[in-house]
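Student: I have a structure open and would like to go through parts of it. Could we begin with a pocket?
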Amino acid sequence: MATKTCYYEILNVERSSTKQQIDRAYRKLAIKYHPDTNKNEDAVERFKEATEAYEVLSDQNKRARYDQYGHAGVEGSTHQYGDVEDIFEAFGDLFGGGFGDFFGGGRRGGGRRRVRPGADIRCDVTLTLEEAARGCHKDIAFRRRVACETCSGSGAAPGSEPVTCTTCGGQGQVIQSAGILRVQTTCPTCQGAGKQISQPCTDCRGSGLQNEKAELNVEIPAGVDDGMRVRLQGEGEPSPDGGPPGDCYCFISVKPHELFKRDGKHLILQLPISYPQAALGSEIEVPTLNGPHQLTVPAGTQSGDVFTVRGQGIIDHRSGRNGDLLVQVFIEVPKKLNADQEKLLRQLADLDHEAVLPERTSFLDKLRHFFDPEPESQSETK
């Protein structure tokens, strides 16, 4: 799989750039690679590449996910543009509403009316850590607007028909000229529809849409994390003028787990062990998302040591490989002791005074030198 170029490099902007600077950089590249002025074979592809980068970096939420997760964080959230015409429809307003006309070529098809895609909608999906790790199917319900049954989505009362807008002549766009520059904008009368409704439908009040409760069974892929989105193509609202429907985006939220913490594709488990287990070593059964696992704790284990259980983390949807389970042990000190335990620990404490413990010896040496500097140091200061 080819490595995608960094979006910031494509637009030639810094990661700290403002929205205005990103807009300016995209305009410059769009003019440079517009096929009406650039006849190189790769111009269209460079144009699409710049548009994809702009779509992510100009959106605050998409940009935040991209900064944190890279291309994987925005996978599936960008539109697929079939040709330059699609880009004109999506980003024409950035250039005054008439990007194609700005270059003198106009839109293909003799200046046809702009077709708007349907609105995207959002729904929230909450998962357990197990569901996020393994993938699952979830039943979701959300509300969206669909074509009004009474007027079949036209917005006009039964028995009447929408009429051609007299302001734009049905084009949905009006052109204003200033010298050699021609700027095309959305018609203020019909809001780009190209038609006007003289007798609105009473059920939808002329909007052509009515509310509907949608229920779907969604496949959630393995490895999703908080803030990621699953795109349901075509499950959004219908286009007001015959264009493609919008999409539904399922925003993922993963509930905290009582045992595991997540760090990307890795899981972290904090495991309490006793002093004898740490000092003598032991075999301990630890939980994983796939069942229990025998962990060998070697003799002399220190509090805070981390042991890695390979492949028991969460799958990385980019590489298809599983992360690891990181088991961090800490020595648990009992709050209460019975008489036998206290007696044995006191005996152990007495033995500790006689034993050579490297860490403690080193610390005590440093402590002694701190409070009682060596005579050589004192003589040097005189």
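Student: How many nonpolar, polar and charged residues are in the lining of the second largest pocket?

Tutor: The lining has 8 nonpolar, 10 polar and 5 charged residues. Nonpolar covers Ala, Val, Leu, Ile, Met, Phe, Trp, Tyr, Cys and Pro, charged covers Asp, Glu, Lys and Arg, and the others, Gly among them, are polar. This is a predicted model, where local features need pLDDT of at least 70, side-chain atom pairs count only at pLDDT 80 or more, and totals for chains, interfaces and linings use all residues. Residues are numbered from 1 along each chain as its sequence is written, and side-chain values use heavy atoms, leaving out hydrogens and water.

Student: Fine. Now E237: buried or exposed?

Tutor: E237 is buried, with a relative accessible area of 11%; buried means under 20%, exposed over 50%, and partly exposed in between, with a 1.4 Å probe and protein chains only.

Student: Which side chain does the E237 side chain join in a polar contact?

Tutor: That of R145, at 3.1 Å. A polar contact is a pair of N or O atoms within 3.5 Å; within protein, one must be able to donate a hydrogen and the other to accept it, and residues adjacent in sequence count only if both atoms are side-chain atoms.

Student: Changing topic, which side chains of strand β12 are buried?

Tutor: S282, I284, V286 and T288 point to one face and are buried, whereas E283, E285 and P287 point to the other and are not. Strands are DSSP runs (E, at least two residues), numbered from the N terminus.

Student: And how many residues lie between β12 and β13?

Tutor: The two form a hairpin with 2 residues between them. They run antiparallel, joined by 7 bridges, and S282 stands opposite V297 in β13. Strands pair if DSSP finds at least two bridges between them.

How values were computed: Helices (H or I, at least four residues) and strands (E, at least two) are DSSP runs, numbered from the N terminus.
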